[in-house]
Amino acid sequence: MATYIGPKAFAVFAVILIHCCDQTVAQNTSSILTTSIGDSSTQVPNVSPASTPTTVATPVSVMTSAAVTPVTPSASATTQSPSTSPVTAGSTANPPTQGPSQSSQSSQGSHLPNFPIISHRSHEEAEIEYEGYDGFYNNRAHPEWGAVDMPLTRRVPSHYEDGVYQPSGATRPNPLTLSQELMKGDFGEFPDEGAKNKSTLLVFFGQQVVEEVLDAQRPGCPPEYFNIDIPDDYTTYHVAGNPKIIPLLRSRYHMGTGSSPNNPRQQLNEITPWIDGGLMYGVAKAWADALRSFKDGKLATSKKGNWPEENDIGLPMANPPPPANHKLMDATRFFKLGNPRGNENPFLLTFGIMWFRYHNVIAERLKLHTNETDDEKLFNEARKWVIATHQKIVFYDWLPRFLGLDPDAFRANDSYRYIPAVHPGIAHVFQSAAMRFGHTMVTPGVMRRLNKTCEAFKTRASSSTLGEKAANKRGVRTCNSFWNPQIPITEKNGTETLDIEAFLRGMASQDAEREDNIITEDLRGFVFGGLDFSRRDLMAVNIQRGRDHGLPDYNTARKAYGLAAKENFIDIKANQSYIPNSVYQTLDDLYKGDINSIDVWVGGLLETRKSGPGELFSTIIEDQFRRIRDGDRFWFENIENNLFTQDEIDQINNITLYDVILMTTNIEADDIQKDPFFTTGDDVPCKLGRLEPGDVEDCTDPKTFDYFDGSEVSFALTFLFIGLFCVGVVLTMLFLARRRMAMLAEKRKTNRRKTQRNSKPAENEFIAAEWRRNLPDRTVKVKLGPGKIVRVSSERGQLLRTIDLRGMEWIIIFLQSDREQTLLSVRMDREYDMILRFDSETQRDEFLQSYESFLGNHEIKCNRNEMKTQMLISSAHTKEDRQKRLEKFFRVAFAHAFDIEYQDQDFNERMGEAKEVLSCELSRTEFAEALSLKPNSLFVEQMFDLVDKDRNGYLSFREFLDVIVIFAKGTPDEKLRLFFDMYDVSGNQKLGRDEFKQMIKSFMELVNADVESDQLDALTDSMFSQAGFTNKDELTFDDFRAVMAEYKENLEDAQLNLSGTGVDVPKAGTGEKKKRENAPTRARKTVIKHLDATSDRAPKRTPTRVKVATKKTKDYDNVIKKNWTIFARYVSNHVPDIFIAVLYTLVLIAIFAERAYYYSVEREHGGLRRIAGYGVTVTRGAASAMMFTYSSLLVTMCRNLITFLRETFFGHYVPFDSNVLFHKYIALWAFLFTVVHCIGHASNFYHIATQPPNDLTCLFRNYFHRYANLSSPGKTIIL
């Protein structure tokens, strides 16, 4: 148990100690006692022994028996008095070059050697609730109050343009114009004589205060640009390539806000608003652990000096490119600090190192005074004391001085009380305006001062990355030291390191800039930016940031804080102000006389008094810090949190920044004033004054960075390679296809040879390969004769083609003259060309000799010609060409036969085509195909022989038309006459029983019915018997009409099945379906049914005749009118196809438009939409359309499905027969959207490749590189 020694016992002990020791020991012993003088806790180095007991203001107690003796001499400190404690922050790792050597009494860590004195606590045996890192559960009723990543607080109403999230101030002046006209001026202006000058140390201490309570700097993700337009007369950035804008990103916001006027956008504070050590330890336990050494409760120390450890583990410290170098650098050069932005400039880093050392001093002293050895306990206790010290200095020492208030009066009028109902959240107006008041005091640089000197230490080439350009200057330039802070700190002066001591001495001795409207150019025009824009105007950014956060106008903010609104521009000026009246006239002109539209930052800045911020900013700042203090359950003065006893609180209240500096540096007590926030006072050892323009080098010029610069060729080559790769794939596929075709051709050739060897061809029979355009060659057998017939059949003997040479006088044969000379083309009238490829030239010659002999035997002339392969193939008249001509043939024939007009092709207007149609003749095979029958069908043979009146083996247009007309317009008697003549083979106008049987048999073949001979006889006898001709063997036409009288009604609707023509033909119905009959009756009626276009399974309908009145055509003189007529007729004839195509197209466009709208409007602030712009819109829309088209392509090839749907009611509306054409149409859309999709990706790739890395890392927040390349920028910083 610890032995508690009360105040009276300690006083007695002190008196005895003093009387028992000599004068020197007494003087050294008295140095551990402190007294409170005003607001500062000052040290009393020499106190008489008699006065010592009476000057002890704070009772002292110790926790353990080992601490009964207040001080313990150190074995290593042989030069120190035995009564002093050599506790140092760097006792385990102090390098020999750590600054210049100091006297023993003022060596680092020797100041206040017994601080802190640990008191006995009633809860000593219980667990202590230390303050957390992330701010949660500070307030037990509202655990989220003051936590990290919580929205900023609205102390003034939001004034978003749309009431929700659009920036305010759309009609206000350009921020750069306001900065140029109202805040431009020379630095180094002197205040009134006798004024109490604030030091540069106060200014940069204020920056680290802001870093402790506020971090709303990360841009939103995805990024939203709120750029600042550069006026033409703003010349600062003309050297940077004459850019038109300063890129600025809007702040990150809470995703649950910004949805309605009742829920406007709220930006986030990414750290806690508490003064809770986030500056020293970070706002996460993991971050704090990365800073620790896990030994004796200390933070990890660098091996190079008494500094924090280097960032070799890759903590995501802020790491923009230093504007002086304009290039990304490795983040491992930084020191590890709790504040990610702690390495921004050497002045801010100075305080970061100071607090780092202070923690280690306290940890070492706690171990020494309490004999505690647990690392975790020592760390948390040291952290507790560091936080408490920072709280006291910030609120009671720095804040009143910053506000221009008397510290004693500020403390006297203040009474602390923890109020859980107070919300500590950082106000928007505090973040975006008020707390930025310190910018007016920022100096263009900082002078460094060595020990016991009163001169500025001149810079050298090693002081900056600029080398000799920045050498021999009195100050380290602010604008050129951004993000290169370690260079002037680690700079050597001989064999010793300048360290932070030089900066602390210099900042304490240097005057801050005068508090007025003038901002140093280091901030107003040359503050750091990103790689894409190295310099920015921070004043313009301040104004734009207020608009981004939806701040209202200046007067509205005043009213919100209970201040009277200003009615005139000159009323804004404070009673005591350095700002001239002309500035307010300029303000009036810029805002066009509207005092209620002034930006808060502008109006508040122009309120500035000679002693500090004006009425509005002072009110906002004091309100904010009081809420931070009063709402903090872990505030050091809250006795209820059991963190400190009243004795310990009194000790903390007596600690000043002066004490902290002496405890953490080698600065001697008389080398810095006790109030380092002011450069005036009786104890100020040195006054360096202010920096003037000649004391520092110029800021480096602004620079821009084109992320696409230097990548033009590689970008083009990339897509060229992709394009060539696609072309290469296609060519490879074509090559493989041709190779496969060649292999198949070779295989067929081998098979032909094998067939020729194994089977002896018949006489005048030849085996060859038939060439077909767009189709692979096929092996055929060509049979010459008998007669003037040439038959072409497959390998298995299936008849493929019959060429009737009757009536032909000339045949032209073309022989291949190049290559292998195995190709032969036979060109004939009324037939398409027969192109044969033989295995060898010898075989071709054998066929040619036999074919010419065959033609000569039948008195047909032959003309032989040679032709090159390409010409031979391109000039060939193929079956496809013949089909197109026959289609015209059938269309014209049907137009005459059925009185219809096919309006898609106006043959009467095209006389050349009309003549071609009239001269066209059908072969027997083509006639059979038109009837969808086999060429050797008995019905085809009989019908063809009957119609072929000139017996030339072909049907002319008139001959074909005659038979069609009979079935289209003829009476039943005319149709019976046709059938009678067809089967009257003998031509004696009588139809014998055998001929009648042949007719019945041919009809049965048409319906694929197989009738036995006895059944056929029975059927014939039955039909003859019913007509009363049982004993007759021959029938005259009248007799035949009597036999068929029963079926006369059916003959009325009988038509030929001409579906094989490929042309739509109007068809007649067959009445209603009748009940099932016996087999003989069904067989007889089948003879009639087959003539109808519908099968016997289809329902019968009343015949329909299409009658379209023909019009006499005329020649059109106007080509446009003619083409329009053709187009109109085409549309009229293809209405179903066009309707489905249009419907599909509209659906496709709707799919594209839906996705495009979604990513253009609904996802305007999401994902790559903000980075790639409308490229994402096009890409996503095209991707959805692609998916729809490719799935549709498969459906159009599902033949079974199409066959099924054709028989349903869909068949009446959807042209399923056009599925192949529709397939091609969809393929075109698929190709189009694929191209659009690829182009969109190319655009997206360009935007991503040329995007600042910080914009991309927001999409990959868990991915961080510390290396100096474009994909590893570190943490994003915006102002």
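## Cavities and a surface helix

T750 is partly exposed, with a relative accessible area of 41%. Keep in mind as you read that this is a predicted model. T750 is found in helix α20, and its C-alpha atom is separated by 9.1 Å from that of D839, although the two residues are 89 residues apart along the chain.

Helix α20, which covers residues 712-758, is also the place of M733. M733 counts as exposed because its relative accessible area is 55%, and exposed means over 50%. Here are these two residues of the helix side by side:

| Residue | Relative accessible area | Class |
|---|---|---|
| T750 | 41% | partly exposed |
| M733 | 55% | exposed |

M733 has company at the surface: together with F721, I722, F725 and V729 it forms a nonpolar patch, and the accessible area of these residues together is about 520 Å².

Now let us turn to the interior spaces. There are 14 cavities of 30 Å³ or more in the structure, and the largest of them holds about 550 Å³ of space. This cavity is lined by 29 residues, and Q207, V210, E211, R341 and H439 are the closest to its centre. Which elements give two or more residues to that lining? They are α4 (200-213), α8 (375-402), β11 (524-530) and α13 (538-548). Helix α4 gives the most, with 6 residues. As for the chemistry of the lining, 15 residues are nonpolar, 9 are polar and 5 are charged.

Key: Residues are numbered from 1 along each chain as its sequence is written. This is a predicted model: local features need pLDDT of at least 70, side-chain atom pairs count only at pLDDT 80 or more; totals for chains, interfaces and linings use all residues. Side-chain values use heavy atoms; hydrogens and water are left out. On a 1 Å grid over the protein atoms alone, a cavity is a set of points where a 1.4 Å probe fits but cannot get out, and a pocket is an open set with protein on both sides within 12 Å along at least five of seven lines; lining residues have an atom within 4 Å of a point. Grid points are joined across faces, edges and corners, and a volume is the space filled by probe spheres set on the points. Helices (H or I, at least four residues) and strands (E, at least two) are DSSP runs, numbered from the N terminus. Ala, Val, Leu, Ile, Met, Phe, Trp, Tyr, Cys and Pro count as nonpolar, Asp, Glu, Lys and Arg as charged, and the others, Gly among them, as polar. Patches are made of residues with over 30% relative accessible area and no salt bridge: like charges are joined within 9 Å, nonpolar side chains (Val, Leu, Ile, Met, Phe, Trp, Tyr) within 5 Å. Accessible areas come from the Shrake-Rupley method with a 1.4 Å probe; for residues, only the protein chains shown count as cover. A salt bridge is a side-chain nitrogen of Lys or Arg within 4 Å of a carboxyl oxygen of Asp or Glu. Buried means under 20% relative accessible area, exposed over 50%, partly exposed in between (1.4 Å probe, protein chains only).
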